[in-house]
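Work through the exercises below with the model open. Try each task before reading its solution.

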Amino acid sequence: MPCPIAVLGPTGSGKTALAIQLAQYHNAEIISADSMQFYRGMEIGTAAPTAEEQAQVPHHFVSCLNPEEE
């Protein structure tokens, strides 16, 4: 059974780059647990992964809903 890897740290500390490297190495996908990255339009304040970064490996739970949606 695969073991999940959690990458934790403050905004702008390089978590996305490390997560992409780990996902590529392990042939895995990224599941975001950032409560603000879940919403569209918060890319700058949350340092959400860019479209280019998201194209490198599958990402889940990034920019799923508009802020006014539940």
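**Exercise 1.** Is His59 buried or exposed?

*Solution.* The model is predicted. Start with the relative accessible area of His59, which is 16%. The cut-off for buried is under 20%. His59 is therefore buried.

**Exercise 2.** Describe the surroundings of His59.

*Solution.* Step one: place the residue. His59 sits in strand E2, residues 59-60. Step two: follow the side chain. It comes to 2.9 Å from the backbone oxygen of Val57. Step three: list contacts, skipping residues up to four places away in sequence. His59 then touches Ile20, Ile30, Pro49, Glu53 and Gln54. Step four: take a C-alpha separation. His59 and Ala48 are 11 residues apart along the chain, and their C-alpha atoms are separated by 11 Å.

**Exercise 3.** Locate Gln37 and classify its exposure.

*Solution.* Gln37 lies in the loop between strand E1 (30-31) and helix H2 (43-46). Its relative accessible area is 9%. Buried means under 20%, so Gln37 is buried.

**Exercise 4.** Which side chain makes a polar contact with the side chain of Gln37?

*Solution.* The partner is the side chain of Ser32, at 3.3 Å. Ser32 is also on the contact list of Gln37, which leaves aside neighbours within four places in sequence. That list also includes Thr46, Pro49, Phe61 and Ser63.

**Exercise 5.** Classify Cys3 and Cys64 by exposure, then give the disulfide count.

*Solution.* Cys3 has 66% relative accessibility, so it counts as exposed. Cys64 has a relative accessible area of 29% and is partly exposed. For disulfides, look for cysteine sulfur atoms within 2.5 Å. The count is zero.

Note on methods. Residues numbered from 1 in each chain as written. Predicted model: local features only at pLDDT ≥ 70, side-chain atom pairs only at ≥ 80, totals over all residues. Heavy atoms only, no water. Helix = DSSP H or I, 4+ residues; strand = E, 2+ residues; numbered from the N terminus. Buried < 20%, exposed > 50% of the residue type's maximum accessible area, 1.4 Å probe, protein only. Polar contact = N/O pair within 3.5 Å; in protein donor to acceptor, adjacent residues only side chain to side chain. Contact = heavy atoms within 4.5 Å.
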